[in-house]
Amino acid sequence: MSAKASLRIVELLERARIEGDWTHVSQYAEQLPREYSVLKFASLGECLLEQSQGQLNYKISHNSLHLAKDYINKALVTKQERDGQYYKEAMLLQAKTNYIQGKFLECLEVLEKVDMDSMKKDVLSFNASRALADAYVYKGMAMEYLQIVAHSEEVYTVEEIVSCYETAGDLGLELLNSISRSTLNLTLSGVLEIALLRSFLLQMQHGMVEKGIARLRKILQTSDVPGSDSLRLTLTLTLAHVLLHGVPDNQWTPLAHHSNASDTLTKRGRNTPTLKKYETVFYPCNKVEEALLSLLISQALLYKEGCVSLHSEENTEYELTRKRCHALLNMLVSLLAKFSQYRPLADTIEKFLKFSHSDEHICKQFGLALISAQQYARGAAALEKCHSGDIPISLVLAKVYIRHLQRYQDAIDLCAECLAALTPATQFMKSRILLYRGVAEAALCRASRLPEDKNKYNRRCISSLSECYTLD
(Lines give C-alpha, C1' and ligand atoms only; values in the text may rest on other atoms or scores of the structure.)
Protein backbone atom coordinates (compact mmCIF):
# COMPACT_ATOMS: atom_id res chain seq x y z
CA MET A 1 0.00 0.00 0.00
CA SER A 2 1.33 3.43 -0.95
CA ALA A 3 2.04 6.08 1.64
CA LYS A 4 -0.68 8.31 0.18
CA ALA A 5 -3.30 5.56 0.49
CA SER A 6 -2.20 4.84 4.06
CA LEU A 7 -2.56 8.47 5.04
CA ARG A 8 -6.01 8.56 3.45
CA ILE A 9 -7.12 5.55 5.54
CA VAL A 10 -5.70 7.16 8.69
CA GLU A 11 -7.64 10.36 7.91
CA LEU A 12 -10.89 8.43 7.40
CA LEU A 13 -10.26 6.44 10.57
CA GLU A 14 -9.70 9.58 12.65
CA ARG A 15 -12.88 11.17 11.31
CA ALA A 16 -14.91 8.03 12.06
CA ARG A 17 -13.53 8.03 15.62
CA ILE A 18 -14.54 11.66 16.06
CA GLU A 19 -18.09 10.98 14.85
CA GLY A 20 -18.40 7.76 16.87
CA ASP A 21 -18.99 5.62 13.77
CA TRP A 22 -17.50 2.48 15.28
CA THR A 23 -18.60 0.20 12.43
CA HIS A 24 -16.40 2.10 9.99
CA VAL A 25 -13.65 2.46 12.61
CA SER A 26 -13.14 -1.31 12.71
CA GLN A 27 -13.26 -1.52 8.91
CA TYR A 28 -10.64 1.19 8.42
CA ALA A 29 -8.44 -0.18 11.21
CA GLU A 30 -8.27 -3.60 9.54
CA GLN A 31 -6.94 -1.96 6.36
CA LEU A 32 -4.00 -0.22 8.04
CA PRO A 33 -0.49 -1.47 7.17
CA ARG A 34 2.03 -2.79 9.71
CA GLU A 35 3.70 0.57 10.32
CA TYR A 36 0.42 1.77 11.89
CA SER A 37 0.01 -1.26 14.17
CA VAL A 38 -0.29 0.86 17.33
CA LEU A 39 -3.14 2.88 15.83
CA LYS A 40 -4.72 -0.26 14.41
CA PHE A 41 -4.89 -2.24 17.65
CA ALA A 42 -5.75 0.82 19.74
CA SER A 43 -8.64 1.71 17.41
CA LEU A 44 -9.97 -1.86 17.44
CA GLY A 45 -9.77 -1.89 21.23
CA GLU A 46 -11.51 1.49 21.51
CA CYS A 47 -14.22 0.30 19.12
CA LEU A 48 -14.98 -2.78 21.22
CA LEU A 49 -14.74 -0.75 24.42
CA GLU A 50 -17.34 1.76 23.27
CA GLN A 51 -19.63 -0.94 21.91
CA SER A 52 -19.40 -2.98 25.13
CA GLN A 53 -20.68 -0.03 27.18
CA GLY A 54 -23.86 0.07 25.11
CA GLN A 55 -24.62 -3.65 25.44
CA LEU A 56 -27.55 -4.65 27.65
CA ASN A 57 -26.48 -8.31 27.73
CA TYR A 58 -23.88 -8.72 30.48
CA LYS A 59 -22.21 -11.75 28.86
CA ILE A 60 -21.74 -9.98 25.52
CA SER A 61 -20.48 -6.84 27.25
CA HIS A 62 -18.05 -8.85 29.40
CA ASN A 63 -16.60 -10.69 26.39
CA SER A 64 -16.26 -7.45 24.37
CA LEU A 65 -14.48 -5.78 27.27
CA HIS A 66 -11.89 -8.57 27.57
CA LEU A 67 -11.36 -8.63 23.81
CA ALA A 68 -10.88 -4.84 23.83
CA LYS A 69 -8.26 -5.19 26.56
CA ASP A 70 -6.40 -7.79 24.48
CA TYR A 71 -6.26 -5.42 21.50
CA ILE A 72 -5.03 -2.55 23.68
CA ASN A 73 -2.33 -4.77 25.18
CA LYS A 74 -1.23 -5.70 21.65
CA ALA A 75 -0.88 -2.01 20.85
CA LEU A 76 1.22 -1.44 23.96
CA VAL A 77 3.62 -4.34 23.36
CA THR A 78 4.38 -3.04 19.88
CA LYS A 79 7.90 -1.64 19.74
CA GLN A 80 6.96 1.14 17.38
CA GLU A 81 6.20 4.72 18.43
CA ARG A 82 6.86 4.25 22.13
CA ASP A 83 6.86 8.02 22.58
CA GLY A 84 4.25 8.72 19.92
CA GLN A 85 0.77 10.13 20.35
CA TYR A 86 -1.02 6.90 19.39
CA TYR A 87 0.96 4.95 21.99
CA LYS A 88 -0.07 7.41 24.70
CA GLU A 89 -3.70 7.15 23.54
CA ALA A 90 -3.45 3.37 23.91
CA MET A 91 -2.22 3.82 27.48
CA LEU A 92 -5.13 6.12 28.24
CA LEU A 93 -7.50 3.49 26.84
CA GLN A 94 -5.85 0.88 29.08
CA ALA A 95 -6.50 3.09 32.11
CA LYS A 96 -10.13 3.46 31.03
CA THR A 97 -10.45 -0.32 30.73
CA ASN A 98 -8.99 -0.78 34.21
CA TYR A 99 -11.49 1.69 35.63
CA ILE A 100 -14.45 -0.03 33.98
CA GLN A 101 -13.25 -3.36 35.42
CA GLY A 102 -13.04 -1.80 38.90
CA LYS A 103 -9.23 -1.84 39.07
CA PHE A 104 -8.82 1.70 40.36
CA LEU A 105 -5.25 1.44 41.62
CA GLU A 106 -4.10 -0.04 38.29
CA CYS A 107 -5.91 2.78 36.50
CA LEU A 108 -4.01 5.42 38.49
CA GLU A 109 -0.69 3.62 38.00
CA VAL A 110 -1.12 3.62 34.22
CA LEU A 111 -2.07 7.32 34.22
CA GLU A 112 1.04 8.14 36.26
CA LYS A 113 3.20 6.56 33.51
CA VAL A 114 1.54 8.69 30.81
CA ASP A 115 2.41 12.01 32.53
CA MET A 116 -0.81 13.73 31.50
CA ASP A 117 0.25 17.14 32.80
CA SER A 118 3.02 17.33 30.20
CA MET A 119 0.82 15.74 27.54
CA LYS A 120 -1.83 18.47 27.75
CA LYS A 121 0.82 21.10 26.91
CA ASP A 122 1.44 19.48 23.52
CA VAL A 123 -0.50 20.17 20.34
CA LEU A 124 -2.93 17.24 20.27
CA SER A 125 -5.43 15.97 17.76
CA PHE A 126 -9.14 15.99 18.55
CA ASN A 127 -9.20 12.30 19.48
CA ALA A 128 -6.12 12.60 21.67
CA SER A 129 -7.58 15.62 23.48
CA ARG A 130 -10.84 13.76 24.06
CA ALA A 131 -9.00 10.69 25.36
CA LEU A 132 -6.93 12.92 27.66
CA ALA A 133 -10.06 14.64 28.99
CA ASP A 134 -11.73 11.26 29.63
CA ALA A 135 -8.58 10.08 31.39
CA TYR A 136 -8.69 13.04 33.79
CA VAL A 137 -12.31 12.18 34.60
CA TYR A 138 -11.48 8.52 35.28
CA LYS A 139 -8.53 9.62 37.39
CA GLY A 140 -10.76 11.88 39.47
CA MET A 141 -13.44 9.19 39.90
CA ALA A 142 -10.84 6.57 40.85
CA MET A 143 -9.27 8.91 43.41
CA GLU A 144 -12.68 9.75 44.81
CA TYR A 145 -13.62 6.08 45.14
CA LEU A 146 -10.36 5.21 46.88
CA GLN A 147 -10.83 8.13 49.24
CA ILE A 148 -14.30 6.84 50.21
CA VAL A 149 -13.06 3.28 50.69
CA ALA A 150 -10.11 4.39 52.83
CA HIS A 151 -12.31 6.69 54.95
CA SER A 152 -9.40 9.07 55.30
CA GLU A 153 -8.60 12.52 53.98
CA GLU A 154 -4.90 11.62 53.73
CA VAL A 155 -5.27 9.45 50.63
CA TYR A 156 -6.35 12.13 48.17
CA THR A 157 -7.45 15.64 49.02
CA VAL A 158 -10.61 17.22 47.68
CA GLU A 159 -8.51 19.84 45.89
CA GLU A 160 -6.66 17.13 43.92
CA ILE A 161 -9.91 15.45 42.87
CA VAL A 162 -11.54 18.76 41.94
CA SER A 163 -8.44 19.71 39.95
CA CYS A 164 -8.79 16.54 37.84
CA TYR A 165 -12.45 17.28 37.13
CA GLU A 166 -11.75 20.93 36.32
CA THR A 167 -8.92 20.03 33.92
CA ALA A 168 -11.17 17.50 32.19
CA GLY A 169 -13.97 20.07 32.00
CA ASP A 170 -11.67 22.72 30.50
CA LEU A 171 -10.45 20.26 27.87
CA GLY A 172 -14.02 19.24 27.09
CA LEU A 173 -15.16 22.85 26.67
CA GLU A 174 -12.18 23.54 24.42
CA LEU A 175 -13.25 20.56 22.32
CA LEU A 176 -16.76 21.99 22.11
CA ASN A 177 -15.35 25.32 20.92
CA SER A 178 -13.29 23.54 18.26
CA ILE A 179 -16.36 21.59 17.11
CA SER A 180 -18.35 24.83 16.77
CA ARG A 181 -15.72 26.11 14.34
CA SER A 182 -16.02 22.99 12.16
CA THR A 183 -18.77 21.25 10.20
CA LEU A 184 -19.13 18.44 12.75
CA ASN A 185 -22.34 18.09 14.76
CA LEU A 186 -21.21 16.52 18.01
CA THR A 187 -21.98 16.87 21.71
CA LEU A 188 -20.07 16.34 24.91
CA SER A 189 -19.87 12.77 26.12
CA GLY A 190 -21.53 11.75 29.36
CA VAL A 191 -18.13 11.34 31.00
CA LEU A 192 -17.16 14.97 30.38
CA GLU A 193 -20.55 16.18 31.59
CA ILE A 194 -19.88 14.29 34.82
CA ALA A 195 -16.59 16.19 35.14
CA LEU A 196 -18.26 19.57 34.70
CA LEU A 197 -20.96 18.83 37.27
CA ARG A 198 -18.94 16.78 39.75
CA SER A 199 -16.33 19.46 40.42
CA PHE A 200 -19.07 21.89 41.40
CA LEU A 201 -20.87 19.35 43.60
CA LEU A 202 -17.69 18.45 45.47
CA GLN A 203 -16.97 22.11 46.16
CA MET A 204 -20.50 22.64 47.46
CA GLN A 205 -20.35 19.53 49.68
CA HIS A 206 -17.15 20.74 51.33
CA GLY A 207 -18.34 24.29 51.97
CA MET A 208 -16.56 25.98 49.06
CA VAL A 209 -19.74 27.71 47.88
CA GLU A 210 -18.03 30.76 46.42
CA LYS A 211 -15.60 28.66 44.38
CA GLY A 212 -18.42 26.41 43.19
CA ILE A 213 -20.52 29.32 41.96
CA ALA A 214 -17.49 30.87 40.26
CA ARG A 215 -16.88 27.54 38.51
CA LEU A 216 -20.50 27.35 37.31
CA ARG A 217 -20.35 30.92 36.00
CA LYS A 218 -17.16 30.19 34.11
CA ILE A 219 -18.61 27.06 32.47
CA LEU A 220 -21.78 28.92 31.44
CA GLN A 221 -19.72 31.75 29.93
CA THR A 222 -17.58 29.37 27.87
CA SER A 223 -20.08 26.67 26.82
CA ASP A 224 -22.35 28.79 24.61
CA VAL A 225 -21.78 26.64 21.51
CA PRO A 226 -23.99 24.28 19.48
CA GLY A 227 -24.38 20.86 21.07
CA SER A 228 -24.21 22.07 24.68
CA ASP A 229 -27.89 22.89 25.28
CA SER A 230 -28.56 19.96 27.59
CA LEU A 231 -25.46 20.72 29.65
CA ARG A 232 -26.29 24.44 29.88
CA LEU A 233 -29.84 23.62 30.96
CA THR A 234 -28.59 21.44 33.82
CA LEU A 235 -26.03 24.06 34.88
CA THR A 236 -28.45 27.01 34.82
CA LEU A 237 -31.04 25.10 36.87
CA THR A 238 -28.33 24.10 39.35
CA LEU A 239 -27.00 27.65 39.63
CA ALA A 240 -30.49 29.09 40.18
CA HIS A 241 -31.25 26.48 42.85
CA VAL A 242 -28.00 27.20 44.71
CA LEU A 243 -28.50 30.98 44.55
CA LEU A 244 -32.08 30.79 45.82
CA HIS A 245 -31.58 28.21 48.56
CA GLY A 246 -27.88 28.11 49.46
CA VAL A 247 -26.43 31.64 49.29
CA PRO A 248 -27.30 34.42 51.78
CA ASP A 249 -27.67 37.91 50.35
CA ASN A 250 -24.59 39.21 52.17
CA GLN A 251 -22.37 36.40 50.75
CA TRP A 252 -23.27 36.91 47.08
CA THR A 253 -20.39 38.16 44.94
CA PRO A 254 -21.01 39.99 41.64
CA LEU A 255 -19.86 38.62 38.31
CA ALA A 256 -16.42 39.59 37.05
CA HIS A 257 -16.28 41.58 33.83
CA HIS A 258 -15.05 39.90 30.65
CA SER A 259 -11.81 41.83 30.51
CA ASN A 260 -10.64 40.70 33.95
CA ALA A 261 -11.88 37.15 33.41
CA SER A 262 -10.12 36.88 30.06
CA ASP A 263 -6.83 37.99 31.58
CA THR A 264 -7.15 35.34 34.29
CA LEU A 265 -7.96 32.61 31.81
CA THR A 266 -5.13 33.33 29.41
CA LYS A 267 -2.58 32.92 32.20
CA ARG A 268 -3.70 29.33 32.87
CA GLY A 269 -2.61 27.82 29.58
CA ARG A 270 -3.61 27.02 26.03
CA ASN A 271 -6.14 24.30 26.93
CA THR A 272 -8.31 26.67 28.95
CA PRO A 273 -11.54 27.58 27.09
CA THR A 274 -12.03 31.17 26.03
CA LEU A 275 -14.95 33.35 27.10
CA LYS A 276 -17.57 34.43 24.60
CA LYS A 277 -17.62 38.16 23.90
CA TYR A 278 -20.75 40.11 23.00
CA GLU A 279 -21.44 43.75 22.20
CA THR A 280 -23.88 44.20 25.08
CA VAL A 281 -23.66 42.22 28.30
CA PHE A 282 -26.06 42.30 31.26
CA TYR A 283 -24.45 42.02 34.68
CA PRO A 284 -26.84 41.18 37.55
CA CYS A 285 -26.72 43.59 40.46
CA ASN A 286 -27.87 41.14 43.14
CA LYS A 287 -28.56 37.50 43.85
CA VAL A 288 -32.19 37.63 42.73
CA GLU A 289 -31.32 39.11 39.34
CA GLU A 290 -28.72 36.41 38.70
CA ALA A 291 -31.12 33.64 39.75
CA LEU A 292 -33.85 35.08 37.51
CA LEU A 293 -31.41 35.37 34.61
CA SER A 294 -30.42 31.71 35.05
CA LEU A 295 -34.08 30.66 35.15
CA LEU A 296 -34.90 32.62 31.99
CA ILE A 297 -32.00 30.96 30.17
CA SER A 298 -33.26 27.60 31.45
CA GLN A 299 -36.73 28.46 30.20
CA ALA A 300 -35.50 29.14 26.66
CA LEU A 301 -33.42 25.95 26.58
CA LEU A 302 -36.17 23.84 28.14
CA TYR A 303 -38.79 25.12 25.72
CA LYS A 304 -36.54 24.11 22.82
CA GLU A 305 -35.83 20.70 24.38
CA GLY A 306 -39.53 20.14 25.06
CA CYS A 307 -40.50 20.77 21.44
CA VAL A 308 -37.86 18.26 20.33
CA SER A 309 -38.80 15.59 22.87
CA LEU A 310 -42.43 15.65 21.69
CA HIS A 311 -41.29 14.05 18.42
CA SER A 312 -38.95 11.59 20.11
CA GLU A 313 -39.74 7.90 20.18
CA GLU A 314 -38.21 7.55 23.65
CA ASN A 315 -40.61 8.27 26.50
CA THR A 316 -37.66 8.70 28.87
CA GLU A 317 -36.63 11.92 27.13
CA TYR A 318 -40.08 13.41 27.58
CA GLU A 319 -40.19 12.32 31.24
CA LEU A 320 -36.82 13.96 31.89
CA THR A 321 -38.02 17.17 30.23
CA ARG A 322 -41.20 17.10 32.31
CA LYS A 323 -39.25 16.75 35.58
CA ARG A 324 -36.96 19.62 34.59
CA CYS A 325 -40.01 21.69 33.72
CA HIS A 326 -41.48 21.08 37.18
CA ALA A 327 -38.21 22.09 38.88
CA LEU A 328 -37.97 25.27 36.78
CA LEU A 329 -41.58 26.29 37.38
CA ASN A 330 -41.34 25.71 41.14
CA MET A 331 -38.34 28.05 41.34
CA LEU A 332 -39.96 30.62 39.06
CA VAL A 333 -43.13 30.59 41.14
CA SER A 334 -41.23 31.10 44.39
CA LEU A 335 -39.12 33.89 42.89
CA LEU A 336 -41.71 35.86 40.88
CA ALA A 337 -44.47 35.44 43.47
CA LYS A 338 -42.14 36.94 46.07
CA PHE A 339 -42.14 40.18 44.04
CA SER A 340 -45.81 39.89 42.92
CA GLN A 341 -44.87 39.42 39.25
CA TYR A 342 -47.82 37.18 38.42
CA ARG A 343 -48.50 38.28 34.85
CA PRO A 344 -44.98 37.43 33.56
CA LEU A 345 -45.24 34.16 35.47
CA ALA A 346 -48.51 33.27 33.72
CA ASP A 347 -47.01 34.11 30.33
CA THR A 348 -44.01 31.89 31.06
CA ILE A 349 -46.12 28.93 32.15
CA GLU A 350 -48.37 29.30 29.10
CA LYS A 351 -45.40 28.61 26.82
CA PHE A 352 -44.78 25.26 28.49
CA LEU A 353 -48.43 24.27 28.09
CA LYS A 354 -47.85 24.07 24.34
CA PHE A 355 -45.90 20.84 24.72
CA SER A 356 -47.24 19.61 28.08
CA HIS A 357 -50.90 20.57 28.03
CA SER A 358 -51.91 17.31 29.74
CA ASP A 359 -49.63 17.85 32.74
CA GLU A 360 -51.82 18.60 35.77
CA HIS A 361 -49.04 20.23 37.79
CA ILE A 362 -48.28 22.81 35.08
CA CYS A 363 -51.99 23.37 34.48
CA LYS A 364 -52.55 24.09 38.18
CA GLN A 365 -49.61 26.50 38.28
CA PHE A 366 -50.98 28.26 35.21
CA GLY A 367 -54.45 28.65 36.69
CA LEU A 368 -53.13 29.94 40.03
CA ALA A 369 -50.85 32.42 38.26
CA LEU A 370 -53.77 33.75 36.19
CA ILE A 371 -55.93 34.15 39.29
CA SER A 372 -53.10 35.97 41.07
CA ALA A 373 -52.80 38.23 38.00
CA GLN A 374 -56.55 39.01 38.35
CA GLN A 375 -57.49 37.12 35.18
CA TYR A 376 -60.22 35.22 36.98
CA ALA A 377 -62.18 33.82 34.04
CA ARG A 378 -59.11 32.33 32.36
CA GLY A 379 -57.74 31.09 35.67
CA ALA A 380 -61.03 29.36 36.54
CA ALA A 381 -61.15 27.76 33.08
CA ALA A 382 -57.61 26.40 33.58
CA LEU A 383 -58.33 25.03 37.05
CA GLU A 384 -61.56 23.37 35.91
CA LYS A 385 -59.47 20.95 33.84
CA CYS A 386 -57.29 19.75 36.71
CA HIS A 387 -59.10 20.31 40.01
CA SER A 388 -60.65 16.85 40.34
CA GLY A 389 -59.40 15.04 43.42
CA ASP A 390 -57.43 18.05 44.67
CA ILE A 391 -59.45 19.66 47.48
CA PRO A 392 -57.21 22.77 48.02
CA ILE A 393 -57.36 23.63 44.31
CA SER A 394 -61.13 23.02 44.32
CA LEU A 395 -61.50 25.44 47.25
CA VAL A 396 -59.51 28.09 45.38
CA LEU A 397 -61.81 27.59 42.39
CA ALA A 398 -64.91 27.82 44.60
CA LYS A 399 -63.63 31.07 46.08
CA VAL A 400 -63.14 32.53 42.59
CA TYR A 401 -66.67 31.43 41.64
CA ILE A 402 -68.15 33.24 44.66
CA ARG A 403 -66.09 36.44 44.83
CA HIS A 404 -65.40 37.27 41.19
CA LEU A 405 -67.56 35.28 38.77
CA GLN A 406 -70.88 35.09 40.70
CA ARG A 407 -71.28 31.42 39.78
CA TYR A 408 -72.81 30.46 43.11
CA GLN A 409 -74.47 27.22 42.04
CA ASP A 410 -71.20 25.96 40.54
CA ALA A 411 -69.47 26.77 43.85
CA ILE A 412 -72.10 24.76 45.76
CA ASP A 413 -71.71 21.78 43.43
CA LEU A 414 -67.93 21.99 43.79
CA CYS A 415 -68.21 22.00 47.59
CA ALA A 416 -70.45 18.92 47.40
CA GLU A 417 -67.77 17.13 45.38
CA CYS A 418 -65.15 18.09 47.96
CA LEU A 419 -67.29 16.76 50.81
CA ALA A 420 -67.71 13.47 48.96
CA ALA A 421 -63.95 13.24 48.37
CA LEU A 422 -62.95 13.78 52.00
CA THR A 423 -60.67 11.19 53.60
CA PRO A 424 -59.52 10.79 57.22
CA ALA A 425 -56.36 12.69 56.31
CA THR A 426 -58.33 15.66 54.88
CA GLN A 427 -61.11 15.93 57.46
CA PHE A 428 -59.60 19.18 58.75
CA MET A 429 -60.75 20.89 55.51
CA LYS A 430 -64.42 20.11 56.11
CA SER A 431 -65.11 23.34 58.01
CA ARG A 432 -63.63 25.44 55.19
CA ILE A 433 -65.72 23.58 52.61
CA LEU A 434 -68.90 24.14 54.65
CA LEU A 435 -68.00 27.82 55.03
CA TYR A 436 -67.70 28.30 51.25
CA ARG A 437 -70.93 26.40 50.68
CA GLY A 438 -72.74 28.53 53.26
CA VAL A 439 -71.44 31.77 51.70
CA ALA A 440 -72.54 30.63 48.22
CA GLU A 441 -75.98 29.67 49.54
CA ALA A 442 -76.31 33.05 51.26
CA ALA A 443 -75.46 34.78 47.97
CA LEU A 444 -78.10 32.70 46.17
CA CYS A 445 -80.63 33.57 48.88
CA ARG A 446 -79.92 37.26 48.35
CA ALA A 447 -80.16 36.94 44.57
CA SER A 448 -83.38 34.86 44.53
CA ARG A 449 -86.71 36.57 43.79
CA LEU A 450 -89.21 33.89 44.82
CA PRO A 451 -89.92 33.57 48.58
CA GLU A 452 -89.74 29.77 48.33
CA ASP A 453 -86.19 29.93 46.93
CA LYS A 454 -85.13 32.50 49.51
CA ASN A 455 -86.38 30.34 52.37
CA LYS A 456 -84.75 27.21 50.91
CA TYR A 457 -81.31 28.76 50.50
CA ASN A 458 -81.62 30.56 53.83
CA ARG A 459 -82.22 27.25 55.67
CA ARG A 460 -79.32 25.59 53.82
CA CYS A 461 -77.03 28.52 54.58
CA ILE A 462 -77.85 28.43 58.31
CA SER A 463 -77.32 24.65 58.37
CA SER A 464 -73.92 24.85 56.61
CA LEU A 465 -72.63 27.73 58.72
CA SER A 466 -73.86 26.13 61.96
CA GLU A 467 -72.05 22.88 61.14
CA CYS A 468 -68.94 24.88 60.16
CA TYR A 469 -69.08 26.69 63.51
CA THR A 470 -69.21 23.43 65.44
CA LEU A 471 -66.23 21.99 63.53
CA ASP A 472 -64.03 25.07 63.53
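Helix pairs whose axes meet at angles under 35 degrees count as roughly parallel, and those over 145 as roughly antiparallel. This cut-off is applied below to a predicted model, in which helix α17 (residues 360-372) packs against α16, comes within 7 Å of α18 as judged by their axes, and also packs with α19. The briefing then turns to a salt bridge and a nonpolar surface patch.

**Helix α17 with α19**
- The axes of α17 and helix α19 (residues 391-405) are 12 Å apart and form an angle of about 30°, and α17 and α19 are therefore roughly parallel to each other.
- The crossing of this pair is left-handed, and the contact joins Lys-364, Leu-368 and Ile-371 of α17 to Ile-393, Val-396 and Val-400 of α19.

**Helix α17 with α16**
- Helix α16 (residues 342-352) packs against α17 with an angle of about 150° and with the two axes 8 Å apart, so that α16 and α17 are roughly antiparallel to each other.
- Here too the crossing, in which α16 passes α17, is left-handed.
- On the α16 side the contact is made by Tyr-342, Leu-345, Ala-346, Ile-349 and Glu-350, while α17 contributes Ile-362, Gln-365, Phe-366, Ala-369, Leu-370 and Ser-372.

**Helix α17 with α18**
- The axes of α17 and helix α18 (residues 376-383) cross at roughly 160° and come within 7 Å, and α17 and α18 are therefore roughly antiparallel to each other.
- Helix α17 passes α18 in a left-handed crossing.
- The residues of α17 that take part are Cys-363, Lys-364, Phe-366, Gly-367, Leu-368, Leu-370 and Ile-371, and they meet Tyr-376, Arg-378, Gly-379, Ala-382 and Leu-383 in α18.

**Salt bridges**
- The structure holds 16 salt bridges, and one of them pairs Lys-218 with Asp-170, whose closest N and O atoms are 3.4 Å apart.
- Because Lys-218 lies in helix α11 (residues 209-222) and Asp-170 in helix α9 (residues 158-180), this pair ties together parts that are 48 residues apart in sequence.

**Nonpolar surface patch**
- Phe-282, Leu-293 and Ile-297 make a nonpolar patch of about 240 Å² on the surface.
- Among these residues, Phe-282 is found in the loop that runs between α13 (258-266) and α14 (287-310).

Terms used:
Residues numbered from 1 in each chain as written. Predicted model: local features only at pLDDT ≥ 70, side-chain atom pairs only at ≥ 80, totals over all residues. Heavy atoms only, no water. Patch = residues over 30% accessible without salt bridge, like charges linked within 9 Å, V, L, I, M, F, W, Y side chains within 5 Å. Areas by Shrake-Rupley, 256 points an atom, 1.4 Å probe, with all protein chains shown as cover. Salt bridge = Lys/Arg side-chain N within 4 Å of Asp/Glu carboxyl O. Helix = DSSP H or I, 4+ residues; strand = E, 2+ residues; numbered from the N terminus. Axes fitted to C-alpha atoms, helices over the stretch in contact; angles between N-to-C directions. Parallel < 35°, antiparallel > 145°, perpendicular 65-115°, else oblique. Left-handed = near helix turned anticlockwise from the far one by under 90°. Contact = heavy atoms within 4.5 Å.
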